[in-house]
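Okay, thanks everyone, I'll keep this short. I'd like to walk you through the pockets in this one and then the ligand. Here it is on the screen.

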Amino acid sequence: MRILVTGGSGRLGRSVVATLAARGHEVSSADLAPAGPAAGVRSHALDLLDEQARDDLFAAEHPDAVVHLAGIAVPFARPDTEILDINTRLAWGVLAAAARHGARSAVAASSPTVFGYGAPAWRPRYLPLDERHPTAPRHSYGLSKVIIEETARTLARAEASGCTLTCVRPGYVIAPEEWAGAPTQQGHTVAERLREPELSAVALFNYIDARDAAELFALLAERPEAVRSGDVYHAVAEDALALAPLAELLPRYHPGTAEAAAALTGTRAAFSSAAASERLGWRPRRTWRGQLPEKVSGDG
Ligand SMILES: NC(=O)c1ccc[n+]([C@@H]2O[C@H](COP(=O)([O-])OP(=O)(O)OC[C@H]3O[C@@H](n4cnc5c(N)ncnc54)[C@H](O)[C@@H]3O)[C@@H](O)[C@H]2O)c1
């Protein structure tokens with residue numbers, strides 16, 4: 001298939017581009033930053049908010065599938081209104097163009113932050129969080145992701161094009177080089193996020209290897225007939241990024257979660273990706289215990 005990846009130069013995008021190419025697809029990447037050298041991948045450096053440049057790109061590439069990752073990926077990284085504006089305009093522009101230009105599938109990156117954990121009065125109805133749990137964002141980044149999910153549903157209703165539009169909520173993405181000690185998105189190493197639980201607590205101790213997440217994006221791009229337009233899928237590791245059970249850790253950092261967290265014994269994560277497993281046979285294959293080169297210990 002011809003697959004266009006937006007944000008292909010980013011932390012997650014690099015693994016998505018490599019995974020799609022390894023699966024035999026004809027891959028192109030569109031990003032503000034040129035993609036690094038990857039065999040057989042066409043790289044387009046452009047601002048996807050520029051309507052003319054975006055239309056020219058779609059007219060030239062005519063993708064069968066689109067994976068939309070471009071955006072501001074970090075809460076509070078820019079003024080609130082900028083994050084909301086950029087992420088939502090990018091999503092509408094790219095997903096609508098995918099449908100209009102005849103793509104059969106388009107998959108966009110959402111985020112687990114749609115649940116709003118970290119708000120002072122946050123109480124999950126239940127844990128682990130699945131895709132049926134209500135969303136309640138607490139910052140403009142999380143709100144932008146709720147709107148992106150609704151954008152996919154809106155376009156799915158409006159467009160009679162036969163493009164299946166879905167979203168993935170990846171956990172805290174760990175790129176391959178980050179297992180070896182490169183800084184993760186928030187600047188800390190994976191080992192530091194394990195040793196200092198307050199660092200991972202802000203993400204409810206979730207994580208996902210970028211290559212594992214990339215496989216779910218690939219399956220959704222390849223198999224639109226297996227899912228429904230508007231579907232959202234979690235892509236989160238099955239174990240928590242923590243040295244102690246979340247039944248202990250969650251109430252320490254998120255007061256009021258003790259009852260819901262009681263079931264999170266052993267290594268269980270606060271998120272479930274069972275839907276992607278049931279629909280598409282996807283399962284995350286890499287865990288921090290298998291990927292970190294050295295054993296990590298701490299006070300948990
Ligand atoms: N990294 C995570 O932990 C994580 C978790 C959940 C969801 N996500 C989402 O996954 C996606 C990718 O995240 P990432 O960590 O790879 O982020 P990243 O910042 O590494 O990559 C995003 C890419 O988008 C590009 N981009 C931004 N604005 C653009 C524009 N106007 N035109 C063209 N390109 C533009 C950037 O240049 C960058 O290369 C984002 O949508 C993010 O919100 C990331």
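So, helix 1, helix 3 (80-100) and helix 4 each put at least two residues into the lining of the largest pocket. Helix 1 is the top contributor there, with 3 residues. Bear in mind while you look that this is a predicted model.

How many residues line that largest pocket? The count is 44, and Ile72, Ala73, Val74, Tyr141 and Gln185 are the ones nearest its centre. Sorted by class, the lining comes out as 24 nonpolar, 13 polar and 7 charged residues. The volume is about 1,100 Å³.

And where's the ligand? In the largest pocket. Two elements give two or more residues to the shell around the ligand, namely helix 1 (11-22) and helix 4 (140-158). Helix 1 has the largest share of that shell, 3 residues.

There are 27 residues around the ligand, with Arg11, Leu12, Asp31, Tyr141 and Val173 coming nearest. You've met Tyr141 already, among the residues nearest the pocket centre. By class, we've got 14 nonpolar residues in the shell, plus 9 polar and 4 charged.

Let's go through some polar contacts. Tyr141 uses its side chain: a polar atom there is 2.6 Å from an oxygen atom of the ligand. With Val173, it's the backbone, where an N or O atom sits 2.8 Å from a ligand oxygen. Then there's Leu48, with a polar backbone atom 2.9 Å from a nitrogen atom of the ligand. As for how covered the ligand is, on its own it has 830 Å² of accessible area, and the protein covers 88% of that.

Okay, last stop, the second largest pocket. The space in there is about 370 Å³. It has 20 lining residues, and Asp130, Glu131, Arg132, Val232 and Ala275 are closest to the centre. Which elements supply at least two residues each to this lining? Those are helix 4, strand 9 (232-235) and helix 11 (274-280). Helix 4 is worth pointing at again, as it also supplies at least two residues to the lining of the largest pocket.

The class split for this second lining is 6 nonpolar, 3 polar and 11 charged residues. Put that beside the largest pocket, with its 24 nonpolar, 13 polar and 7 charged. That's my tour, happy to rotate the view if anyone wants another look.

Terms used:
Residues are numbered from 1 along each chain as its sequence is written. This is a predicted model: local features need pLDDT of at least 70, side-chain atom pairs count only at pLDDT 80 or more; totals for chains, interfaces and linings use all residues. Side-chain values use heavy atoms; hydrogens and water are left out. A residue is near a molecule or strand if one of its heavy atoms lies within 4 Å of it. A polar contact is a pair of N or O atoms within 3.5 Å; within protein, one must be able to donate a hydrogen and the other to accept it, and residues adjacent in sequence count only if both atoms are side-chain atoms. Accessible areas come from the Shrake-Rupley method with a 1.4 Å probe; for residues, only the protein chains shown count as cover. On a 1 Å grid over the protein atoms alone, a cavity is a set of points where a 1.4 Å probe fits but cannot get out, and a pocket is an open set with protein on both sides within 12 Å along at least five of seven lines; lining residues have an atom within 4 Å of a point. A molecule sits in a cavity or pocket if more than half of its atoms lie within 2 Å of its grid points. Helices (H or I, at least four residues) and strands (E, at least two) are DSSP runs, numbered from the N terminus. Ala, Val, Leu, Ile, Met, Phe, Trp, Tyr, Cys and Pro count as nonpolar, Asp, Glu, Lys and Arg as charged, and the others, Gly among them, as polar. Grid points are joined across faces, edges and corners, and a volume is the space filled by probe spheres set on the points.
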